[in-house]
Each structure stands twice: as structure tokens, then as C-alpha cells.
Amino acid sequence: MNINKLLLIPLLIIASGCSPQKPEPLQSKQAASGDWTLPYGEWSFSFVTPSELPAEVLHARVIDTDGYLYTFNTLDQTAQAPDSIDKWAPTVYGPSVIFNKVKKPPQYIVFCWESYIDKQTYETSAVFGPETWLRMKTPADHTWDGDAVWYDNLLFGLSPGGKVDVWFPDVAGRPSLPVKPLKMWTLAGNEMTLCKDYVVPGGTFNFIQSTQDFIKGKTYPYGNWD
């Protein structure tokens, strides 16, 4: 695995702006060595938070296995997981997706998000490789109402303290499949690069009484999200 080359992507994605393009350095050898066309045409990504601990994703960029850069200034709303109270539930679902769609599997994603409970903007980056791409191309070993089940949605869980988990949601109440990126990291404050431009002074969330009631008497960061 040529991880060093893949880890150059964060620098390239910031320098390349918002125009879709395909410079050779944005496609790894692993991505170039196979056909990663998806049987269902497009995959999606979405975001979810624990119950009563909302966050909002402000901006996202994806580099797919063809090396194309996708820029998302309009994103689908981040959902809340009602069964995830003080830790993530085994089964996690995201919202319906309209905007967050890409044709080929992801080599790299970076997104800027603001945690209401932390009063903090974060920059999370993740690098993916063939293990994830193959899972996205391969149907599940079960069906749903006789139809093939595809792992066509990457769901990112955003929790207090800037912690991020990733899953493939399944169907019919089956546990979500954990996804392990080759590398994933989250920055905040002056460490951020791309997301410095997406900090909203004072935050974007209004007072939410249900959240205030939920955190009353609890110790930060309100749960075990490891």
C-alpha cells in the first residue's frame, strides 16, 4: 500500500480549489490498478450525531478513485441517532441523501463540522483504500425483500470531543459495519488548514432546550464514544 502517496492528498486538495480536475498525483497506484466502477452507479456519504448532541457539517471535499475532486458547499442535513444516548448503538442510520453523492469510491475525504456541545469547529480527514472500495463493490451475503444489498453509504458519526466513527449501515435492523480508514485524523483551532475558512464566529446553533436538559449534571464530554 503506497500510503505516503495517499497522504499527499490533503495538501493537494487544499491547493486545487473547487474545480473538478484529475491531476495524476491525485490517483494512487492502488486506485489506478483496478476498475472501481460501482454496480449501482453512485455512492453517498452522510453524517449522524448522538441523541440530543447535534453538530453540523459546513463543507466537504472528496477525491474518488479516478482522482476527481468533488466539492460540496451544500450538504444533506446531519441527523441524530435516537438510540445512541451515551455510546453509539450497534445499528446506526443516517438521513436520506440528495446532495452527498460521488461516482467512484473515495480515496480521501475532508469535511468541516461544528459541534454544538463543544462550541468548536473541527476538520476531519480520512484516507481509504482497496479494502473499503471492494466492500462497496461487493453485495452483502444477505438480501432484502429478494433484492441485493449494497454497502453504498459511508456514515460518519460525529460525537463530543471531536471524535469520529465510520460505518456502512445495513438493512432490517442488522448491526452497522464498522469501516476502518487507512488513516483518519481530526484537527481544531489553529491546526486546521482548509476549515479555517469555515469557522462561524459564535457558532451556528441556537439555544436548544432539549440539549441543555440532556447535559445537565453530566460530565463533559457526555458519554463514551471510543
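Here is a friendly conversation about a predicted model and the terms used to describe it.

Modeller: Before we start, residues are numbered from 1 along each chain as its sequence is written, and side-chain values use heavy atoms, with hydrogens and water left out. Since the model is predicted, local features need pLDDT of at least 70 and side-chain atom pairs count only at pLDDT 80 or more, while totals for chains, interfaces and linings use all residues.

Biologist: What makes C112 and C195 a disulfide?

Modeller: A disulfide is a pair of cysteine sulfur atoms within 2.5 Å. The sulfur atoms of C112 and C195 are 2.0 Å apart, and they form a disulfide. The structure holds 1 disulfide. In general, a disulfide is a covalent bond between the sulfur atoms of two cysteines.

Biologist: Why is the disulfide of C112 and C195 called left-handed or right-handed?

Modeller: The torsion about its S-S bond is about -85°, so the disulfide of C112 and C195 is left-handed. The pair links distant parts of the chain, 83 residues apart: C112 is in strand β6 (residues 106–115), and C195 is in the loop between β13 (183–188) and α5 (209–215). Helices (H or I, at least four residues) and strands (E, at least two) are DSSP runs, numbered from the N terminus.

Biologist: Why is P139 called buried, partly exposed or exposed?

Modeller: Buried means under 20% relative accessible area, exposed means over 50%, and partly exposed is in between, with a 1.4 Å probe and protein chains only. P139 has 36% relative accessibility, so P139 counts as partly exposed. You will find P139 in the loop between α4 (130–137) and β8 (143–144).

Biologist: Which residues does P139 touch, beyond those up to four places away in sequence?

Modeller: Contact means heavy atoms within 4.5 Å. With that cut-off, P139 touches A148, V149 and W150. From C-alpha to C-alpha, P139 and W150 are 4.9 Å apart in space, although 11 residues separate them in sequence.

Biologist: How do you know that T132, W133 and M136 are on the same side of α4?

Modeller: T132, W133 and M136 are buried in α4. They cover an arc of only 100° around the axis, which puts them on the same side of α4. That arc is the one spanned by the directions from the helix axis to the C-beta atoms. On the other side of α4, E131 and L134 are exposed. The buried residues of α4 pack against α3 (29–32), β1 (43–50), β6 and β11 (163–168).

Biologist: How do you know that β6 and β7 pair?

Modeller: Two strands pair if DSSP finds at least two bridges between them. Here 8 bridges join β6 to strand β7 (residues 120–127), and the two run antiparallel. One of the residue pairs is F111 with its bridge partner T124 in β7. The two strands form a hairpin with 4 residues between them, where K119 in the turn has a positive phi of about 55°.

Biologist: What makes β3 and β13 the edges of their sheet?

Modeller: The open sheet has 5 strands in the order β3-β2-β6-β7-β13, with antiparallel pairing. Each of β3 (69–72) and β13 has a single partner strand, so one side of each is left without a neighbour in the sheet.

Biologist: Why is β6 described as mostly covered?

Modeller: In β6, 10 of its 10 residues are buried. Strand β2 (residues 55–64) also pairs with β6 in the antiparallel sense, over 9 bridges, and E56 stands opposite E114 in β6.
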